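Me: Please take a close look at the empty space inside this protein and at the parts that surround it. I would like one connected account.

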Amino acid sequence: MPELPEVETVRRGLAPHLEGRVIARVDQRRPDLRWPMPEDLVQVLTGARVTALRRRSKYILADLDRGGCLLLHLGMSGRVRVEGAQLGDFHHDPPILPQHDHLVLTTDEGTTITLNDARRFGAVDLVREGQDHPLLAALGPEPFDPAFTPARLAAALAGRRTAIKAALLDQRIVAGLGNIYVCEALHRAGIHPARAAGRIGRDRIALLHGLVREVLAEAIEAGGSSLRDHRQASGELGYFQHSFRVYGREGQPCRRQGCGGTIRRIVQGGRSTWYCPACQR
Ligand code: ZN
């Protein structure tokens, strides 16, 4: 499932093909994904120039010269292909099938950009000029936003009895964090995922804040190198495999130097959490 680093990698891969380009043709192959697509999607996009390609949380936003923007969300299984080259072929995903190509944009340069989504949990929507889109309105700060400081994180967690894992997944506290990178950041910080968020000292929160940025930055860098390798090599983008320290590693040895613990999986809020009981307190 694409998380922030994967979405950022797709954005970086798409930007050279979309920024400054006019969308010459729009081929919309179904009326809905997770939600209905706007009825005027084809009309609004056709002939519009993309002035910038941005990311907010796990949403890709293409600003249009006629105002507003196109919002793309990759959901659980969404993938984007440029001229047959694939951007974001995620870990464990099944092969791409053409019947799951739901939206194809052709630019004035003749590049085709195809959104493929087998499970259809993704979304395609328009953010109208001056509109506060409901998916974006309640989002907290971006992890790399200078406004997201250790003090702000500490203030957001103060007094909370919810588990730190759940608090970090709360998009109002920090936007874009998902299951994988929350597990990884908590492991690096040595914090038990079930610990009450309000009962973590300020110095440990400051450490966690830095490690949230570190795991995301490393994954974005890994995604960036996969894009570069892809351009240099065969023309096909391979899987970009991250090496996780805890995620998906139940029963395997902890990767912290000298720890010797065994990774355990628990379920929190209906979702798996992987952690090391020996070094996360
Ligand atoms: Zn450990």
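Reply: What follows goes from the enclosed spaces to a helix beside one of them, then to the open pocket, a second helix and the metal site.

This is a predicted model, in which local features need pLDDT of at least 70 and side-chain atom pairs count only at pLDDT 80 or more, while totals for chains, interfaces and linings use all residues. Residues are numbered from 1 along each chain as its sequence is written, and side-chain values use heavy atoms, with hydrogens and water left out.

Rolling a probe the size of a water molecule over the atoms shows where empty space is left. On a 1 Å grid over the protein atoms alone, a cavity is a set of points where a 1.4 Å probe fits but cannot get out; lining residues have an atom within 4 Å of a point. Grid points are joined across faces, edges and corners, and a volume is the space filled by probe spheres set on the points. The count comes to 2 cavities of 30 Å³ or more.

The largest cavity holds about 50 Å³ of space. Its lining consists of Leu72, Val80, Leu103, Leu105, Ile113, Thr114 and Leu115. Helices (H or I, at least four residues) and strands (E, at least two) are DSSP runs, numbered from the N terminus. Strands E7 (101-107) and E8 (112-117) each supply at least two residues of this lining, and the largest share, 3 residues, comes from E8. By class there are 6 nonpolar, 1 polar and no charged residues, where Ala, Val, Leu, Ile, Met, Phe, Trp, Tyr, Cys and Pro count as nonpolar, Asp, Glu, Lys and Arg as charged, and the others, Gly among them, as polar.

The second largest cavity has a volume of about 30 Å³. Around this second cavity stand Leu14, Leu18, Leu53, Ile60, Leu70, Leu72, Leu105 and Ile113. Helix H1 (4-18) and strand E4 (69-73) are the elements that give two or more residues to that lining. The classes here are 8 nonpolar, no polar and no charged residues.

H1 is mostly covered, with 12 of its 15 residues buried (under 20% relative accessible area, with a 1.4 Å probe and protein chains only). Among the buried residues of H1 are Leu14 and Leu18, along with Glu6, Glu8 and Arg11. The expected span of a helix is 1.5 Å times one less than its number of residues; for the 15 residues of H1 this gives 21 Å, and the end C-alpha atoms are 20 Å apart, which agrees. Just after H1, glycine 20 takes a positive phi of about 85°.

A pocket, by contrast, is an open set with protein on both sides within 12 Å along at least five of seven lines. The largest pocket holds about 440 Å³. Of its 21 lining residues, Met1, Lys58, Tyr59, His73 and Gln171 lie nearest its centre. This lining has 10 nonpolar, 6 polar and 5 charged residues.

Helix H6 (residues 179-189) has 11 of its 11 residues buried, including Glu184, His187 and Arg188. Glycine 190, just after H6, takes a positive phi of about 70°.

At the metal site, the SG atoms of Cys254, Cys259, Cys276 and Cys279 coordinate the zinc ion at 2.3 Å (donors are N, O and S atoms within 2.8 Å of the metal, or 3.2 Å for Na, K and Ca). Along the chain these donors follow the spacing C-x4-C-x16-C-x2-C. The arrangement is tetrahedral because the 4 donor atoms subtend angles of 105 to 115°, and four donors count as tetrahedral if all angles lie between 85 and 135 degrees. Cysteine 276 and cysteine 279 are both buried.

How values were computed: Four donors count as tetrahedral if all angles lie between 85 and 135 degrees; four count as square planar and six as octahedral if opposite donors are over 155 degrees apart and all others between 65 and 115; anything else is irregular. Buried means under 20% relative accessible area, exposed over 50%, partly exposed in between (1.4 Å probe, protein chains only).
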